[in-house]
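Please walk me through this structure in the viewer. Tell me what to select at each stop and what is there.

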Amino acid sequence: QVQLVESGGGLVQAGGSLRLSCAASGSTLSTDVMGWFRQAPGKEREFVARITWTGSSTYAADSVKGRFTISRDNAKKTVYLQMNNLKPEDTAVYYCAARRLVVTTYNYWGQGTQVTVSS
């Protein structure tokens with residue numbers, strides 16, 4: 001019901017920046033929760049940050065606080081992840097996800113975008 005398309009990944013040197021975008025479409029609701037996750041080879045999927053279309057609260061994982069910022073553009077139904085001071089350990093496939101407010105798991109996922117940080 002909700003389609004998510006990520007973009008903005010690529011290869012960047014350590015200390016550099018990237019901005020990921022996630023365009024949402026379909027049966028989106030203003031109460032949906034939007035999140036960014038990442039998964040590196042051999043590791044479990046890791047939560048990165050989340051935001052809602054309404055309200056003022058955002059939340060980011062401790063591992064990225066101070067470096068990554070999640071934001072939104074409601075008119076474009078797009079969520080962004082600004083990644084600064086990237087480190088090699090940030091290398092992963094980054095996924096955009098969405099969930100309804102009344103459920104406990106993210107059940108809509110994008111295809112992912114690769115972020116590679118070279119040392």
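The tour below goes from a disulfide to the core, then to the aromatic rings and two loops. Keep in mind throughout that this is a predicted model.

**Stop 1: the disulfide**

Select Cys22 and Cys96 and show their side chains. A disulfide joins the two, with a distance of 1.9 Å from S to S. The count for the structure is one disulfide. Cys22 belongs to strand β3 (residues 18-26) and Cys96 to strand β9, so the bond ties together parts that are 74 residues apart in sequence. If your viewer can show torsions, look at the S-S bond: the angle is about -75°, so the disulfide is left-handed. Are the two cysteines buried or exposed? Both Cys22 and Cys96 are buried.

**Stop 2: the core around it**

Keep the cysteines on screen and add Leu4. Among the residues that Leu4 touches are Cys22 and Cys96. Leu4 also touches Ala23, Ala24, Met34, Ala97, Ala98 and Trp109, among others; residues up to four places away in sequence are not counted here.

Now add Met34, Trp36, Leu81, Met83 and Tyr94. Together with Leu4, these are the residues that touch the most other members of the largest nonpolar core, which has 30 residues. Which elements give two or more residues to this core? They are β1 (2-7), β3, β4 (33-39), β5, β7, β8, β9 and β11 (113-118). As a general point, nonpolar side chains in soluble globular proteins tend to be buried together.

**Stop 3: the aromatic cluster**

Clear the selection and pick Phe37, Phe47, Tyr59, Tyr95, Tyr106 and Trp109. These residues form one aromatic cluster. The structure has six aromatic pairs by count. Two of the pairs are worth a closer look.

Start with Phe47 and Tyr59. Their rings are stacked, 5.8 Å centre to centre, with 25° between the planes. Phe47 is in strand β5 (residues 46-52) and Tyr59 in strand β6 (residues 58-60), so the pair links distant parts of the chain, twelve residues apart. Phe47 has 22% relative accessibility and therefore counts as partly exposed. Tyr59 is partly exposed too, because its relative accessible area is 39%.

Next, centre on Tyr95 and Trp109. This pair is edge-to-face: the centres are 6.5 Å apart and the angle between the planes is 80°. Tyr95 lies in strand β9 (residues 92-99) and Trp109 in strand β10 (residues 108-109), so the pair ties together parts 14 residues apart in sequence. Trp109 is partly exposed, at 28% relative accessibility.

**Stop 4: charges over rings**

Leave the cluster visible and add two arginines, Arg45 and Arg99. The charged end of Arg45 sits over the ring of Phe37, 5.7 Å from the ring centre. Arg99 lies over the face of Tyr106, and here the distance to the ring centre is 5.5 Å.

**Stop 5: two loop residues**

Finally, select Lys77, in the loop between β7 (68-73) and β8 (78-83). What is the sign of phi at Lys77? The value is positive, near 50°, in a residue other than glycine. Lys77 has a relative accessible area of 36%, so this residue is partly exposed.

Then move on to Asn85, in the loop between β8 and β9. Asn85 has a positive phi of about 50°, although this residue is not a glycine. With 42% relative accessibility, Asn85 counts as partly exposed.

Notes:
Residues are numbered from 1 along each chain as its sequence is written. This is a predicted model: local features need pLDDT of at least 70, side-chain atom pairs count only at pLDDT 80 or more; totals for chains, interfaces and linings use all residues. Side-chain values use heavy atoms; hydrogens and water are left out. Rings of Phe, Tyr and Trp (its six-membered ring) pair if their centres lie within 6.5 Å; planes under 30 degrees apart count as stacked, over 60 as edge-to-face and the rest as tilted. Helices (H or I, at least four residues) and strands (E, at least two) are DSSP runs, numbered from the N terminus. Buried means under 20% relative accessible area, exposed over 50%, partly exposed in between (1.4 Å probe, protein chains only). A charge sits over a ring if NZ of Lys or CZ of Arg is within 6 Å of the ring centre and within 35 degrees of the ring normal. A disulfide is a pair of cysteine sulfur atoms within 2.5 Å. A nonpolar core is a set of buried Ala, Val, Leu, Ile, Met, Phe, Trp, Tyr and Cys residues joined through side-chain atoms within 4.5 Å. Contact means heavy atoms within 4.5 Å.
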